[in-house]
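Reader: Please take a close look at one part of this chain, and then place that part within the rest of the fold. Short sentences will do.

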Amino acid sequence: MTFKEQILAGIPKVLPQPKPFDAYINHAPKRKDILSAAEKKLALRNALRYFEPQHHAELLKEFTQELTTCGRIYMYRFRPDYTMFARPITDYPGKCEQAKAIMLMIQNNLDDAVAQHPHELITYGGNGAVFQNWAQYLLTMQYLSEMTEEQTLTIYSGHPMGLFPSHKEAPRVVVTNGMVIPNYSKPDDWERMNALGVSQYGQMTAGSYMYIGPQGIVHGTTITVLNAFRKINRSPKGGLFVTSGLGGMSGAQPKAGNIAGCITVCADVNPKITHIRLSQGWVNEVIEDIDLLVERVSLAKANNEIVSIAYLGNVVDVWEKFDEKNIYIDLGSDQTSLHNPWAGGYYPDNLSFEESNEMMNTNPDLFKEKVQESLRRQTAAINKHAAKGTYFFDYGNAFLLEASRAGAAVMAENKIDFRYPSYVQDIMGPMCFDYGFGPFRWVCASGNPDDLHKTDAIACKVLEEMAKTAPKEIQQQMQDNIRWIKGAQENKLVVGSQARILYADAEGRMKIAEAFNQAIANGAIGIVVLGRDHHDVSGTDSPYRETSNIYDGSSFTADMAIQNVIGDSFRGATWVSIHNGGGVGWGEAINGGFGMVLDGSKESSKRIALMLFWDVNNGISRRSWARNEGSIFAIKRAMETQPLLQVTLPNLVDENLF
């Protein structure tokens, strides 16, 4: 069968042969054995309902084995034989260009070069899934190949519920992930529901089909590192940034450090992902001996080098050894997947990678003790460096939250706040999000690198024109973004699809998108897919990350994210998504995203103006109501440009009255 024929066929009528285990691929660790005997039977019934009854006896044995050995039923047998990558849009079967674009984005999320655990359908973060199993993938791709512009596909936590009648201006796909009743939103609730096959963790851009590899976070990480050095009045040149995590999103850190111009040390215990990042050019060197690391970093500091070094080992050892040897750290953070601490998101010191993977399954209570012990040690070492002047910030991965739960010394004197800020609270919130700047992104659906080059040039031209008249309040953001897009090609950021990320405000996003749409209409480039990270101005409500600089008491509410995705859906988004979780953990955030296909039409222009304006200004208005100074400025400016926009502004209270 051809590729198109396989897509159109969906779940095969004749069982394919079982797939051998591919040891070369980075696989997910075994999940917690959390189901009762009755629940395991239910999980098997749930899995078998995708298949005709004559196959149940054979598949029951296989799925039972998967549930026993993996803790989940992935249906490995049904993994497609074709190579998984984002093909040119013309390669996909279908009746609707929008649906073909979504198929392209799904396959990019599952590309071996992009996904963290591709055979388990996990894109990044240890548990950020596109689908729960391969039957869901096959069925979804089949539905998309059959979809018309008068239908909408509904996805319940990876499960394609079906195609429903709608209309041309409606979203083609609506995705929900992990949207459980609030009282059942604890980590073990997710483990149980995911094992049963009824809910999944979509992270942010994984379950939204909008992940573009580590590039998706490189720009934001670069801005964070640059602004962190600005906060401490230190040039990045010769400065040392110490962090950890080389997996999905965290893999961007060493590349961002190079672009910012500092020395980066990023630790990870997983040899496979460490060497993948080396082969991809996202890290310059790998060192396995802690004493050699001390020597190498000392030399780099003496020579003011720009270099990224992966330490294949535990970051706890780095913090402790650098303290012992008086290696001064300018910036410190952590980007391990601590939203998922007990199932591979964080590895304790004094255990090998293999020992940890075994213990988290066979003795989860002891593993939890080991993790918390390491968090206490890591925090103690960080505190010593902070006393010497290190600027440490939480990178939105729930590090401080889990460290506090482990009893580490991370609380401020008031016993309410953390002693270290979130990077959004201290850097990205007041410097970017409050002004409307966030991670706008696009994918050239032709798969042609020339199209990406052309879109880079178009975006750069738009930004340079805007910078001529931009107010002083946002000139730094404009110049950082122009610098970024000019260096995008030489930094070799593409992994997977021909994609780009660029921090932009509402005006920038709309002008760049309209310029793309005109280029498509003129035949200069092919179809473009627009999107963004959920980690943005108004996509996510997350009190320890995206909304950590909201101080009016509303940081634990989720009205903004829900309003955002509903508003996007009727203003022109091609697909929308809303998730429980994200990078900070199940039950810790609600986040929404979108995708929009540009085809050069007048309808696309209308969607650009309506949806992109709302998508950003929804968040600015919420932030302005929280009395954030930058957002008050930004929303007033937006109201001047759009007479139909009328936003309630706060009246500020004189502190002396209290």
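Author: Met-75 counts as buried, at 0% relative accessibility. This is a predicted model, so every value here is computed from it. The residue lies in the loop between helix 3 and helix 4 (97-109). Its phi is near 65 degrees, a positive value in a residue other than glycine.

Lys-415 makes a useful counterpart. Lys-415 also has a positive phi, of about 65 degrees, although it is not a glycine. Its loop runs between helix 14 (399-405) and helix 15 (423-431). Lys-415 is exposed, with a relative accessible area of 66%. Exposed here means over 50%, and buried means under 20%.

Back to helix 3. Helix 3 (56-70) is among the elements that cover the buried residues of helix 6, and helix 2 (37-48) is another. Seven of the 10 residues of helix 6 are buried, so the helix is largely enclosed by the rest of the structure. The buried ones are Asp-189, Trp-190, Glu-191, Met-193, Asn-194, Ala-195 and Leu-196. Gly-197 follows helix 6, and its phi is positive, near 80 degrees.

Next comes the loop between helix 6 (187-196) and helix 7 (215-231), which holds Gln-203. Gln-203 counts as buried at 3% relative accessibility. Leaving aside residues up to four places away in sequence, Gln-203 touches Tyr-124, Gly-125, Asn-127, Gly-128, His-339, His-579, Gly-582, Gly-583 and Asn-591.

Two of those contacts share a record with Gln-203. The UniProt annotation "binding site", from an unreviewed entry, covers Gly-125, Gly-126, Gln-203, Asp-268, Tyr-395 and Gly-583. Gly-583 sits in the loop between strand 16 (575-580) and strand 17 (590-598). Gly-583 is buried, with a relative accessible area of 11%. Beyond residues up to four places away in sequence, its contacts are Tyr-201, Gln-203, Met-204, His-339, Gly-396, Asn-397 and Arg-545. His-339 appears among the contacts of Gln-203 and among those of Gly-583.

Now the domains. The chain is divided into domain 1 (3-196), domain 2 (214-410) and domain 3 (436-657). The centres of domain 1 and domain 3, taken over C-alpha atoms, are 29 Å apart. Their contact takes 33 residues from domain 1 and 23 residues from domain 3. Between them, domain 1 and domain 3 bury about 2,200 Å². Carbon and sulfur atoms account for 64% of that area.

Consider the sheet next. Six strands form an open sheet in the order 8-9-7-6-10-11, with parallel pairing. Strand 8 (285-287) and strand 11 (391-392) stand at the edges, each with a single partner strand, so one side of each is left without a neighbour in the sheet. Helix 8 (residues 252-260) packs on the sheet and touches strand 6 (240-244), strand 7 (263-268) and strand 9 (307-312). The direction of helix 8 makes about 175 degrees with that of strand 7. Helix 10 (residues 290-302) lies across strand 6, strand 7, strand 8 and strand 9. It runs at about 170 degrees to strand 9. At the other end of the order, two bridges join strand 10 (residues 331-332) to strand 11, and these strands run parallel. Leu-331 stands opposite Tyr-391 in strand 11.

Further along the chain, the record adds a name. UniProt places "domain: Urocanase C-terminal" at residues 433-636, again in an unreviewed entry. Over that span the chain is 47% helix and 17% strand. The end C-alpha atoms of the span are 15 Å apart.

Strand 12 (residues 438-444) is mostly covered, with seven of its seven residues buried. Six bridges join strand 12 to strand 13 (residues 499-504), and the two run antiparallel. Val-443 stands opposite Ala-499 in strand 13. Five bridges join strand 12 to strand 14 (residues 528-532), also antiparallel. There, Trp-442 has Leu-530 of strand 14 as its bridge partner.

To return to the starting point: Met-75 is a buried residue with a positive phi, in the loop that follows helix 3 and leads to helix 4.

Conventions. Residues numbered from 1 in each chain as written. Predicted model: local features only at pLDDT ≥ 70, side-chain atom pairs only at ≥ 80, totals over all residues. Heavy atoms only, no water. Pairing = 2+ DSSP bridges. Helix = DSSP H or I, 4+ residues; strand = E, 2+ residues; numbered from the N terminus. Contact = heavy atoms within 4.5 Å. Axes fitted to C-alpha atoms, helices over the stretch in contact; angles between N-to-C directions. UniProt positions renumbered as here; feature names shortened; annotations may be inferred. Buried < 20%, exposed > 50% of the residue type's maximum accessible area, 1.4 Å probe, protein only. Domains from an automatic or database assignment. Buried area = accessible area lost by both parts, 1.4 Å probe.
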